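The following report goes through a protein model for a reader at the bench. Please keep the sequence and the structure in view while reading.

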Amino acid sequence: MHGMDWGFDNTFARKLDWLGAAVDPVPVSAPSLLTVNDSLALELGLDPQWLASTDGVAHLAGNAVPEGAQPRAQAYAGHQFGQFSPLLGDGRAHLLGEVVDAHGARRDLGLKGSGRTPFSRGGDGRAALGPVLRELIVSEAMHALGIPTSRVLAAVATGEQILRADGPTPGAVLTRVAASHLRVGTAELVRMRASDAQQLAFADYVRRRHHPQVAEGDHLGLIDAVVEAQASLIARWMSVGFIHGVMNTDNMTLSGETIDYGPCAFLEAHDPNAVFSSIDTMGRYRFGAQPSIAQWNLARYAETLLPLLAPDPSTESDLIEAATERIRAFETRFRGHWLRLYRGKLGLPDALSDTATAALTDDLLAIMLAERLDHTRTFRLLATVLRGADRAVADLVDDSVRWLDWQSRWLANVTTDPQSTADAMDRVNPAYLARNHLVEEALAAAATGDLAPTEALLDVLRDPFTVRPGLDRYAAPAPASFTAAYVTFCGT
Ligand code: AMP
Ligand code: MG
C-alpha cells in the first residue's frame with residue numbers, strides 16, 4: 001500500500017539489530033479510527049488526512065506495514081517493584097521506525113496493543129480501549145503542561161473484544177511517539193546479555209541520540225546526563241502532582257521523557273502518601289517516594305555502565321565511588337529543579353535564597369496536607385490573593401490563624417507588582433488538570449461509543465493555563481468521596 005511517505009530512517013534497526021526481534025504487528029479484524037492528533041502529525045511531517053483515511057487506519061492498526069518501517073519488538077529487562085526480571089521486552093508493542101521531525105529531532109514511532117511478539121509470555125499482546133484513551137488524555141495533558149513525555153499520534157479500535165479481569169472489553173491500538181523507547185531496563189538487559197562490543201555500541205547509541213553534549217567514551221558523563229534528565233523530569237511531576245504509579249526500571253526512559261502510562265493519576269488533595277494503583281499495595285511508588293525511586297532506578301542504570309568504566313578490575317573501586325557520586329548528585333539536581341519550579345509557582349523572586357524558598361514551600365505543603373487542600377487549585381487561589389481576595393484560601397481551612405501566618409510571610413517575600421506576579425503564577429500553575437474523575441467520566445462514555453467527552457476534555461487540557469468561560473467543572477476538585485475510593489489498574 002502507498003499513499004504517504006513516512007520518511008523513516010531507522011538507526012535502531014541498523015545499529016542495534018540484536019536488541020530485539022524483527023516481527024510484524026498482528027492484523028485486527030475491523031479497525032476503525034478513534035482519533036488522530038493532527039498537530040503532532042504535522043510536526044512529524046505526516047498527513048493527518050491520510051492517516052484518518054481507510055488506508056491510513058489500516059496502517060495505524062497494524063494491518064499494513066508503512067513503507068520504510070522495520071517493525072521490531074525491543075528486548076529489555078527491568079526491576080519490577082524492586083525485583084529483577086531478566087527478560088521483559090515489548091510484549092504488545094512494535095517499534096515501526098524513526099522519523100526526524102520539523103525541529104530536527106529524531107522520534108520513534110511505534111504501535112502499542114499491536115499483537116503478540118516473542119516477548120509476550122502469557123499475555124495476549126493487546127491493549128484495551130480504556131487504557132489507550134487514558135494514555136492519550138494524560139500524555140496530551142502532560143505535554144501541554146510542558147512536561148517531557150511520549151505522545152499519542154493516533155488511536156484506533158480493533159473491532160475485537162479482548163478478555164480482561166472484569167470480562168470482555170473492546171481492544172484498541174495506539175500509535176506512540178517518543179524520543180526513543182530505550183529504558184533503564186534496556187541497559188540492564190544489555191549489561192547482562194550483550195558482548196563487550198555491543199555494550200559499548202549501546203552506550204554510544206544512547207549518548208549520540210539523547211545526550212550528544214557528552215563526549216564519546218565519557219561514560220560517567222553519560223550517567224550525569226541521564227541523572228540530570230530524570231531529575232528535571234521528576235521535579236516537574238512533583239510540581240503538578242503526577243503519580244506515575246509503576247516506576248519500574250523498564251518504565252523509565254534514558255531520554256528523560258515520561259513513558260508507559262498505566263495506573264497513573266494526579267493528586268487531588270496534596271498528600272505525599274497518595275497511592276492510586278491497585279497493584280502498589282506497599283506504596284512503593286506513592287507520590288512522595290518518586291524522587292528516591294528515580295534515584296534508585298538510576299543507580300541500576302549506573303551499574304550497567306560499570307564494566308565500561310572499569311575494564312580493569314584494579315581500578316574498579318575508585319570508579320564505583322565516582323559513579324556513586326553521580327547518583328548521589330541526583331538529590332542536589334532534583335532539589336535545584338524543584339526549588340526553581342516552586343519559586344515560580346509561588347511567584348517568588350529568583351533572588352530569593354534556596355533556604356527561604358524551601359521554608360516557604362515546605363510550610364505551605366505541610367498546611368496543604370493538614371487541611372487537605374487541592375494540590376492544583378491552591379496555587380491558582382494564591383494568585384487571586386494577590387489580586388485582592390485576601391481570604392480566598394483562608395476561608396477553606398480549619399486553622400485560619402496558621403494559614404494567615406503563612407500567607408503574610410509569603411506576601412512579604414513577593415517583591416514585584418502583585419498583578420504581574422499573579423499573571424506570571426497563572427502561566428505556570430494550571431487551572432485545568434486531567435483530574436481522575438474527569439478521565440474516568442470520559443472513558444465511561446467512550447466505552448459506550450461516545451468519544452465527545454474525551455475530545456472535549458482533550459480540548460480543555462491542551463490549554464491548561466488559560467481560564468475560559470463555561471469550564472468550571474474542569475477546574476473543580478473531585479468530590480472527596482470519589483478520590484477516597486479511587487483505584488487505578490495497570491494499563492493492560
Ligand atoms: P507494563 O507494566 O505495562 O510496563 O508491562 C510490563 C511488561 O508486560 C512489558 O514487557 C509488557 O510488554 C508486558 N505486557 C503488558 N501487557 C501485556 C499484554 N497484554 N500482552 C503481552 N505482554 C504484555
Ligand atoms: Mg512498561
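A residue is called buried when its relative accessible area is under 20%, exposed when that area is over 50%, and partly exposed in between, with a 1.4 Å probe and protein chains only. By that definition Arg 372, at 53% relative accessibility, counts as exposed.

This is a predicted model, in which local features need pLDDT of at least 70 and side-chain atom pairs count only at pLDDT 80 or more, whereas totals for chains, interfaces and linings use all residues. Residues are numbered from 1 along each chain as its sequence is written, chains are lettered from A and ligands numbered from 1 in the order in which they are written, and side-chain values use heavy atoms, with hydrogens and water left out.

**Helix H12 and its surroundings**

Helices (H or I, at least four residues) and strands (E, at least two) are DSSP runs, numbered from the N terminus. Helix H12 covers residues 377-386 and is mostly covered, since eight of its ten residues are buried. The buried residues are Thr 378, Phe 379, Arg 380, Leu 381, Leu 382, Ala 383, Val 385 and Leu 386. They pack against helix H10 (316-345), helix H11 (354-371), H13 and helix H14 (418-428). Just after H12, Gly 388 takes a positive phi of about 115°.

Two packed helices are described by the angle between their axes and the distance between the axes. The axes are lines fitted to C-alpha atoms, for helices over the stretch in contact, and the angles run from 0 to 180 degrees between N-to-C directions. Angles under 35 degrees count as roughly parallel, over 145 as roughly antiparallel, 65 to 115 as roughly perpendicular and the rest as oblique. A crossing is left-handed if the near helix is turned anticlockwise from the far one by less than a right angle, and right-handed if clockwise.

H12 packs with helix H13 (residues 400-413) at an angle of about 70°, with the axes 12 Å apart, which makes H12 roughly perpendicular to H13. The crossing of H12 past H13 is right-handed. Contact, meaning heavy atoms within 4.5 Å, is made by Leu 382, Val 385 and Leu 386 of H12 and by Trp 403, Trp 406, Gln 407, Trp 410 and Leu 411 of H13. By class, seven of these residues are nonpolar, one is polar and none is charged, where Ala, Val, Leu, Ile, Met, Phe, Trp, Tyr, Cys and Pro count as nonpolar, Asp, Glu, Lys and Arg as charged, and the others, Gly among them, as polar.

H13 also packs with H11, here at an angle of about 150° and with the axes 11 Å apart, and H11 and H13 are therefore roughly antiparallel to each other. Their crossing is left-handed. On the H11 side, Ala 359, Leu 360, Asp 363, Leu 364, Ala 366, Ile 367 and Ala 370 meet Arg 402, Trp 403, Trp 406, Arg 409, Trp 410 and Asn 413 of H13. The residues of this contact divide into nine nonpolar, one polar and three charged.

**Residues in loops**

| Residue | Place | Relative accessible area |
|---|---|---|
| Phe 81 | loop between strand E4 (78-80) and strand E5 (83-85) | 27%, partly exposed |
| Arg 372 | loop between H11 and H12 | 53%, exposed |
| Asp 417 | loop between H13 and H14 | 44%, partly exposed |
| Pro 464 | loop between helix H16 (452-461) and helix H17 (472-475) | 2%, buried |

Phe 81 has a positive phi, near 50°, in a residue other than glycine, and Arg 372, likewise not a glycine, has a positive phi of about 55°. Asp 417 and Leu 386 are 31 residues apart in sequence, while their C-alpha atoms are 9.2 Å apart in space. Pro 464 and Asp 426 are 38 residues apart along the chain, and their C-alpha atoms are separated by 9.9 Å. Not counting residues up to four places away in sequence, Pro 464 touches Ala 144, Leu 145, Pro 430, Ala 431 and Tyr 432.

**A buried residue in H9 and the magnesium site**

Gln 295 lies in helix H9 (residues 290-309) and, at 15% relative accessibility, counts as buried. Leaving aside neighbours within four places in sequence, Gln 295 is in contact with Ile 327, Arg 328, Phe 330 and Glu 331.

Which protein donors does the magnesium ion (ligand 2) have? They are Asn 251 (OD1) and Asp 260 (OD), lying 2.0 to 2.1 Å from the ion. Donors are N, O and S atoms within 2.8 Å of the metal (3.2 Å for Na, K and Ca), and water is not among the atoms, so sites may look incomplete. Asn 251 counts as buried at 12% relative accessibility, and Asp 260 counts as buried at 12%.
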